[in-house]
Amino acid sequence: MASAELQGKYQKLAQEYSKLRAQNQVLKKGVVDEQANSAALKEQLKMKDQSLRKLQQEMDSLTFRNLQLAKRVELLQDELALSEPRGKKNKKSGESSSQLSQEQKSVFDEDLQKKIEENERLHIQFFEADEQHKHVEAELRSRLSTLEMEAAQHQAVVDGLTRKYMETIEKLQNDKAKLEVKSQTLEKEAKECRLRTEECQLQLKNLHEDLSSRLEESLSIINEKVPFNDTKYSQYNALNVPVHNRRHQLKMRDIAGQALAFVQDLVKALLNFHTYTEQRIQIFPIDSAIDTISPLNQKFSQYLHENASYVRPLEEGMLHLFESITEDTVTVLETTVKLKTFSEHLTSYICFLRKILPYQLKSLEEECEASLCTSALRARNLELSQDMKKMTAGFEKLQTYIALLALPSTQPDGLLRTNYSSVLTNVGAALHGFHDVMKDISKHYSQKATIELELPTTTQKLITTNDCILSSVVALTNGAGKIASFFSNNVDYFIASLSYGPKTGSGFISPLSAECMLQYKKKAAAYMKALRKVQQSLEKISKLEQEKEHWMLEAQLAKIKLEKENQRTADKLKSTSSGQVAGVAQEKAAAVTATGQEDASAKAVPDPVHSTSEAPDVESREDLIRNHYMTRIVELTSQLQLADSKSVHFYAECRALSKRLALAEKSKEVLTEEMKVASQNISRLQDELTTTKRSYEDQLSMMSDHLCSMNETLSKQREEIDTLKMASKGNSKKNKSR
């Protein structure tokens, strides 16, 4: 009821608000019209004032003219008075002159009479115009005052309505300013992106020109030097060694290692499941320690006892597959020969599952036929029978797809390359289906174990065996879930890595071509190692040559120093000793010289001829020779290093430019999308701004009305509370008096 009343009040308030808004529009229109009328009346009043000023000016000019004429009349009258006595005296002689003055006087009288009449008429017109102007002015002033009062009232109403929305308008203006700033920022970013795009386009153009020139040069070299194009034919192209992708190989080895770990967990869980199932058959429904179990269960137990010979090879096959993926190989479906071995082991395990499935179903039926089997337990056994069939079917489906993936390494015509991606996708779906089946088995077996726990004949051995089977089933479920998630996460990489193979080709033609390619790859790797060794040997030879030159120079310098010392010794012996001592010294010097000549001839370096007068020249010459060779060696080594560094830098720069170009294209697309989204957002925000403004105005008016009504209700409630308090006080006083 309260909500309905509030809704009704809100509707009334909304209707009143719409009426007030309509009245406000009418008042605004009336104020505008009255303002226009007031402006027109002010203009009329201004024109009347101008006409009145004109009439006043004419009146002043006429008054001034009348005064002049009156003065002129007085002067004429004075002259006439003076001329009359003279005329009497000179009556005779001045008849002609009197006649002339009489005519002039009559003319002047006529002019004066006309001027007086005209002046009187103008006075009457001026008085009438003045009275009419005063009357119109009084009417206009009264009307203007009335209109000004009405305009003031309307303006007060308009100001009251305007003040109500000033905050909203200010807020919207602030939002608009923020959006404009954001728009300017986006425009600036777009401008920068355009500049970067132009730079990238320029770089792309330069690269295109460079690559075009290189392409032409390469094509000319190929046409002149290459006898045939082996990439043109798929049979020959399959023998080409693809570019070694070490990252791809490490990724594939890591994935194979993870798959090996998951398969090991799954094999362990399968071994436990089959072993504990065999143990359960020995104790339920008949304990073999007390009585003989049925022949069916004996045969079933015998088959389950052989499970390790079928389950263990799965782990071994996956281990061989992992070991076949190394850093030096090329891992594609055509080269993974060990996948065929794993597929064969999986086929063998599926044959084992098919062999034990009828015995497992019959064993469950035998449990249902037992006397202590309840209806709930019988229902769980039937569900487990269906689950075991689904489990075998899931393994068969998985084995089918894995066998298809193993065909490219053995039978190239068995699976087309276009179907690789669909087969991989179906493998993921089969793994997820196997995981769902294992979840159902875990759920139903848990319910079965709970029901058997409540049976009166359940032994502790059966409870322990059920717990072990349940834990193995849970491990199987977790392992299947991990493998399914792992394969789903990497299936895109598997599909993308199928293109890893020979250049410009669709892949390997046959396993034989893949094997030949791997042999060529090994030979190419050995050749690259030999080239690396040759390069190292050349570097060592160059270093040894430099050391040889260095030590030859050192030997030559040492020889020159020895000769200088011998010459100095000989000079001293000549000056201080006898001729015999000098002869001995000469023989010694000759022997040393002969020894130096033999060393120089062994090193293939010419022995310079020295004399006592050439000692300063020898020193300067040996310094020049040493400095020349050392500077030449340093220059050559620096040039070689500079050329190597330039080539490496140029190669890195080309790769960086290509990457930057790709990133620029992507960023350009992203920025265009962002610009579209930003423009859409701006238009949407403008629409929201207008709608928000209108809704805010409506909500504001409704809230104000609602607050007024709330205040009224609160005041009424306060009055009621006050009356109740007064009544309670009066009652309390009466009770006290009683």
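1. Let's start with Cys373, keeping in mind that this is a predicted model. Cys373 counts as buried because its relative accessibility is 10%, and the cut-off for buried is under 20%. Its closest cysteine sulfur sits in Cys368, 4.8 Å away, which is too far for a bond; a disulfide would need the two sulfurs within 2.5 Å.

2. How many disulfides does the structure hold? Zero. While we're on cysteines, Cys200 is also worth a look: at 13% relative accessibility, Cys200 counts as buried.

3. Now the nonpolar core. The largest one has 67 residues, and Leu270, Tyr349, Met391, Phe395 and Met438 have the most contacts inside it. Helices H4 (246-283), H5 (295-304), H6 (308-324), H7 (338-368), H8 (375-406), H9 (420-453) and H10 (460-496) each put in at least two residues. H4 gives the largest share of this core, with 14 residues.

4. If you want one residue to click on, try Leu270. Leaving aside residues up to four places away in sequence, Leu270 touches Val311, Tyr349, Met391, Phe395 and Leu476. Tyr349, Met391 and Phe395 are also listed, with Leu270 itself, among the residues with the most contacts inside the core.

5. H7 deserves its own point. Where does H7 kink? The kink, of about 35°, lies at Ile356, shortly before the proline Pro358. As for the span of H7, its 31 residues at 1.5 Å a residue should cover 45 Å, and the end C-alpha atoms are 45 Å apart, so the two values agree.

Terms used: Residues numbered from 1 in each chain as written. Predicted model: local features only at pLDDT ≥ 70, side-chain atom pairs only at ≥ 80, totals over all residues. Heavy atoms only, no water. Buried < 20%, exposed > 50% of the residue type's maximum accessible area, 1.4 Å probe, protein only. Core = buried A, V, L, I, M, F, W, Y, C linked by side-chain atoms within 4.5 Å. Helix = DSSP H or I, 4+ residues; strand = E, 2+ residues; numbered from the N terminus. Contact = heavy atoms within 4.5 Å. Expected span 1.5 Å × (residues − 1). Bend = angle between axes of the 7 residues up to and from the residue.
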